[in-house]
Amino acid sequence: MPLIAALALGFFAAALLYASVGFGGGSTYAALLAISGLDYRVLPMVALACNIVVVAGATVRFARAGVTPWRSALILTALAAPAAFVGGLIMIDRQAFMLLLGASLVLTGITMLISVAEAAQAKPAKSAKALPFVAAPIGFLAGLVGIGGGIFLAPLLHLTRWHDARAIAATASFFILINSAFGLAGQLLKHGPAMFGGAMVEALPLLIAVAVGGQIGSLMAVRFLPLKWIRWLTAALVSVVGLRLLFGV
């Protein structure tokens, strides 16, 4: 199977699974692109663009359903987005980029194993008040390595019983959408429109794949595997790839 076709299939599956729980899939896109040998400078652009395609529809649907806690979501995102832009602007060499990407993927795998049981009836933990202080670091890392950051934020929201599960999924989608846009803007300014345009042309099959997968995932729940299994399988995938990147640099 040609590389682009294999990548498109992987992107489709990732978008479907992640969109079903309110995420964009940027961490898995980054992992797949990294092991494919893509130019590391282009990798964040493609992953962030795919993120935007996937979570835009989910954000609109959550908003129409009236489940997005706008005040709280806007505070977290407003703190993270400028940091994502700065992260996208920073020039780093390939070795440092792969180290950061590998570490973030391993951390992603760990966070996906954290229980996300419904806590709608419980009061928020006292530590929930500290969440605004972690928003900017999450945004910075997201912009630097080309992910939306929701995969880091959501487990913290669940652990602190910040809101119910649907509100957390809605917040994660919005957070990923805005951070990805700001991070992509930083990448565009850093590398210029020529590289960005070339990357988007090359990634067109991948963008189409995530658009279709994301729509399916956000319209219907995954029925073939329990969500817990999906979370474990995805955690294993990104952890293995993250460790491979860490030990391969």
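This is a short dialogue on reading helix contacts and cavities in a predicted model.

Student: Let's start with a pair of helices. At roughly what angle do the axes of helix 4 and helix 8 cross?

Tutor: For any pair, look at how close the axes come and at what angle they cross. Here helix 4 (residues 70-89) and helix 8 (residues 165-202) have axes that come within 8 Å and cross at roughly 20 degrees. Angles under 35 degrees count as roughly parallel, so helix 4 is roughly parallel to helix 8. Their crossing is right-handed.

Student: Which residues make that contact?

Tutor: On the helix 4 side they include W70, L74, T77, A81, F85 and L89. Helix 8 brings, among others, F174, F175, I178, F182, G186 and K190. Sorted by class, the contact of helix 4 with helix 8 has 16 nonpolar, 7 polar and 1 charged residues.

Student: Now helix 5 and helix 6. Is helix 5 parallel or oblique to helix 6?

Tutor: Start from the angle again. The axes of helix 5 (residues 94-112) and helix 6 (residues 131-145) cross at roughly 125 degrees and come within 10 Å. That angle makes helix 5 oblique to helix 6. As for handedness, helix 5 passes helix 6 in a left-handed crossing.

Student: What makes the contact there?

Tutor: Find F97, L100, L101 and S104 on helix 5, then L141, L144 and V145 on helix 6. By class, that gives 6 nonpolar, 1 polar and no charged residues.

Student: And where do helix 2 and helix 3 meet?

Tutor: Pick out the residues on each side. Helix 2 offers G26, Y29, A30, L33 and A34, and these meet L43, V46, A47, C50, N51 and V54 in helix 3. Those residues divide into 9 nonpolar, 2 polar and no charged. The axes of helix 2 and helix 3 (residues 43-65) come within 9 Å, crossing at roughly 145 degrees, and the crossing is right-handed.

Student: Let's move on to empty space. How many cavities of 30 Å³ or more does a search of the whole structure find?

Tutor: With cavities, check the count, then the volume, then the lining. The search finds 2 cavities of 30 Å³ or more, and the largest has a volume of about 80 Å³.

Student: Which residues lie nearest the centre of the largest cavity?

Tutor: Look for G25, G26, S27, I151 and I176, from a lining of 13 residues. Helix 2 (26-36) and helix 7 (150-159) each supply at least two residues of that lining. You've met G26 already, as a helix 2 residue in the contact with helix 3.

Student: What classes of residue line the largest cavity?

Tutor: The lining has 5 nonpolar, 8 polar and no charged residues.

Definitions and conventions:
Residues are numbered from 1 along each chain as its sequence is written. This is a predicted model: local features need pLDDT of at least 70, side-chain atom pairs count only at pLDDT 80 or more; totals for chains, interfaces and linings use all residues. Side-chain values use heavy atoms; hydrogens and water are left out. Axes are lines fitted to C-alpha atoms, for helices over the stretch in contact, and angles run from 0 to 180 degrees between N-to-C directions. Helices (H or I, at least four residues) and strands (E, at least two) are DSSP runs, numbered from the N terminus. Angles under 35 degrees count as roughly parallel, over 145 as roughly antiparallel, 65 to 115 as roughly perpendicular and the rest as oblique. A crossing is left-handed if the near helix is turned anticlockwise from the far one by less than a right angle, and right-handed if clockwise. Contact means heavy atoms within 4.5 Å. Ala, Val, Leu, Ile, Met, Phe, Trp, Tyr, Cys and Pro count as nonpolar, Asp, Glu, Lys and Arg as charged, and the others, Gly among them, as polar. On a 1 Å grid over the protein atoms alone, a cavity is a set of points where a 1.4 Å probe fits but cannot get out, and a pocket is an open set with protein on both sides within 12 Å along at least five of seven lines; lining residues have an atom within 4 Å of a point. Grid points are joined across faces, edges and corners, and a volume is the space filled by probe spheres set on the points.
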